[in-house]
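Student: Could you take me through one part of this protein up close? I would like to see how the charged residues sit in their helix.

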Amino acid sequence: VALSMFAFVACESNPAIKASKKFLDEPTFENLMAIQNIEDEMDEKDLEEYEEWVNDHKDEIKEAAAKIVKF
């Protein structure tokens, strides 16, 4: 239980994960770009944590990204 609580708290403090959750809730180009801007300024520890989070949420991210792509 303690490990899952630590993971939850760590994810809540990661700005890219926060921005990504917002993108999943509101898939807009602006929210996607906000993630990119945050990624450019992250330290290595936060980037590693974010990459792990992305791997765990690939399908959700693909679905959200598909909503902003218009053909």
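Tutor: From the N terminus on, the elements run α-α-α-α-α, which comes to five helices and zero strands; helices (H or I, at least four residues) and strands (E, at least two) are DSSP runs, numbered from the N terminus. This is a predicted model, where local features need pLDDT of at least 70 and side-chain atom pairs count only at pLDDT 80 or more, while totals for chains, interfaces and linings use all residues. Residues are numbered from 1 along each chain as its sequence is written, and side-chain values use heavy atoms, with hydrogens and water left out.

Now let's look at helix α4, which spans residues 44-56 and holds E44. At 59% relative accessibility, E44 counts as exposed (exposed is over 50% relative accessible area, buried under 20%, partly exposed in between, with a 1.4 Å probe and protein chains only). On the surface, E44 joins D43, E48 and E51 in a patch of negative charge. Such a patch takes residues with over 30% relative accessible area and no salt bridge, and like charges are joined within 9 Å.

D46 also has its place in helix α4, but D46 is buried. D46 has no salt bridge, meaning a side-chain nitrogen of Lys or Arg within 4 Å of a carboxyl oxygen of Asp or Glu. For D46, the nearest side chain of opposite charge is K45, 4.6 Å away. Leaving aside neighbours within four places in sequence, D46 is in contact (heavy atoms within 4.5 Å) with N14 and P15. As for the whole protein, 23% of its 71 residues count as buried.

Terms used:
Patch = residues over 30% accessible without salt bridge, like charges linked within 9 Å, V, L, I, M, F, W, Y side chains within 5 Å. Areas by Shrake-Rupley, 256 points an atom, 1.4 Å probe, with all protein chains shown as cover. Lys, Arg positive; Asp, Glu negative; His and termini not counted. Charge placed at Lys NZ, Arg CZ, Asp CG, Glu CD.
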